[in-house]
Amino acid sequence: MIFGRQADAGAGPTRPVEPAGERDAASPAETGDIGEAADTGTAAQEISFTDVSVGVLDDTPTGDVYRPILTDVNLTLTEPRIAIVGANGSGKSTLLQLFNGLVTANAGRVLIDGLDPLEQAKQVRSRVGFVFTDPAAQLVMPTPLEDIELSLRKRVPKAERRAAAFAVLEELGIADLAERSVYELSGGQRQLVALAAVLAVDPQILVLDEPTTLLDLRNREKLRRLLDDLVARRGVRVIFSTHDLDFAGLADRALVVDSGRIVADSAPVEATRMYRELIMSDSS
């Protein structure tokens, strides 16, 4: 799978700034690679960002100009459900893509349960599942069933793969879509299929970039129940960005991103209140 860089960037040619040191960053094409299970020993279930900054070089008539996307991010994340809110272009998507190496930090360090996404990319990708805002970025096979079979290619023997893929669709309540063309599905249906393809490989951490954007009320509620079940039954940690502040309220902790900085980090009620105040002050 080949994905474009989703760096909340403005118009004009850009290129990422190389991170310090020689690092082998994860290719977006590899994010669906199941790989081997991560061996983290007794490492705590903790995600940490230490002095993390991300930027790109904009090509301008006067030469390259550095444009920051994220600046001095310091976080320690241990809660099972974390929401990230912020305006368009604030840096939310870039922040999420740091979790599995889709974006590389120019400075600072990211650790996922003790693993560096840049230096231990394969182990991190086996641990972190990522669902993009646009499901078309992830669905590469003609039907949902075939797409999930592709996700299972390194986990399930070929003779059992089709039945296993169908079971994943049944668990999400979308088995009726199994043999339909992905091009005939609605945006919300595609979003659920993309989620199913990621869940098929049993990620320990599930990262979703604006998962409710394409969903109607019924499917939004289905997603809420599913995420609650993943946390309660499988122990999956869920991190999502959203513009839906009611949905953000379902999290245990919420971060507010503004102009590439974390400007609020608290319980969802307080964080969303601060975000509303921030937006209203910008509009006045």
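**Figure 1. Contacts across the whole chain.** Among contacts (heavy atoms within 4.5 Å) between residues at least 6 apart in sequence, 71% join residues at least 24 apart. The model is predicted, so local features need pLDDT of at least 70 and side-chain atom pairs pLDDT 80 or more, while totals for chains, interfaces and linings use all residues. Residues are numbered from 1 along each chain as its sequence is written, and side-chain values use heavy atoms, leaving out hydrogens and water. The protein has 284 residues, and 48% of them count as buried (under 20% relative accessible area with a 1.4 Å probe, protein chains only; exposed is over 50%, partly exposed in between). Its secondary structure comes to eight helices and 10 strands (DSSP runs of H or I, at least four residues, and of E, at least two, numbered from the N terminus).

**Figure 2. Helix α3 and its surroundings.** Helix α3 covers residues 144–151 and is largely enclosed by the rest of the structure, because six of its eight residues are buried. The buried residues of α3 are Pro-144, Leu-145, Asp-147, Ile-148, Glu-149 and Ser-151. They pack against two other helices of the model, α4 (158–171) and α5 (187–199).

**Figure 3. The nonpolar cores.** The largest nonpolar core (buried Ala, Val, Leu, Ile, Met, Phe, Trp, Tyr and Cys joined through side-chain atoms within 4.5 Å) has 46 residues. Helix α5 gives the largest share of this core, eight residues. Ile-148, Ile-174, Leu-195, Leu-206, Leu-208 and Leu-227 have the most contacts inside the core. Leaving aside residues up to four places away in sequence, Ile-174 touches Leu-169, Leu-192, Val-193, Ala-196 and Lys-222. Another core, of 31 residues, lies apart from the largest one, and its members include Leu-98, Ile-112, Val-128 and Ile-239.

**Figure 4. Aromatic pairs.** The whole structure holds three aromatic pairs (Phe, Tyr or six-membered Trp rings with centres within 6.5 Å; stacked under 30 degrees between planes, edge-to-face over 60, otherwise tilted). One of them joins Phe-130 and Phe-132 in a tilted arrangement, with 4.7 Å from centre to centre and 50° between the planes. Phe-130 and Phe-132 are both buried. Phe-240 and Phe-247 form an edge-to-face pair, with 5.1 Å between the centres and 70° between the planes. Phe-240 has 3% relative accessibility and so counts as buried; Phe-247 is buried too, with a relative accessible area of 1%.

**Figure 5. The second largest cavity.** Three cavities of 30 Å³ or more are found in the whole structure. A cavity is a set of points on a 1 Å grid over the protein atoms alone where a 1.4 Å probe fits but cannot get out, lined by residues with an atom within 4 Å of a point. Grid points join across faces, edges and corners, and volume is the space filled by probe spheres on them. The second largest cavity holds about 60 Å³. Its lining consists of Arg-81, Arg-224, Leu-227, Asp-228, Val-238, Phe-240, Phe-247 and Leu-250. Helix α6 (217–234) and strand β8 (237–241) each supply at least two lining residues, and α6 gives the most, with three.

**Figure 6. Leu-278 in helix α8.** Leu-278 lies in α8, which covers residues 268–283. Its relative accessible area is 22%, so Leu-278 is partly exposed. Not counting residues up to four places away in sequence, Leu-278 touches Asp-258 and Val-263. Leu-278 and Gly-86 are 192 residues apart in sequence, and their C-alpha atoms are 9.6 Å apart in space.

Methods. On a 1 Å grid over the protein atoms alone, a cavity is a set of points where a 1.4 Å probe fits but cannot get out, and a pocket is an open set with protein on both sides within 12 Å along at least five of seven lines; lining residues have an atom within 4 Å of a point.
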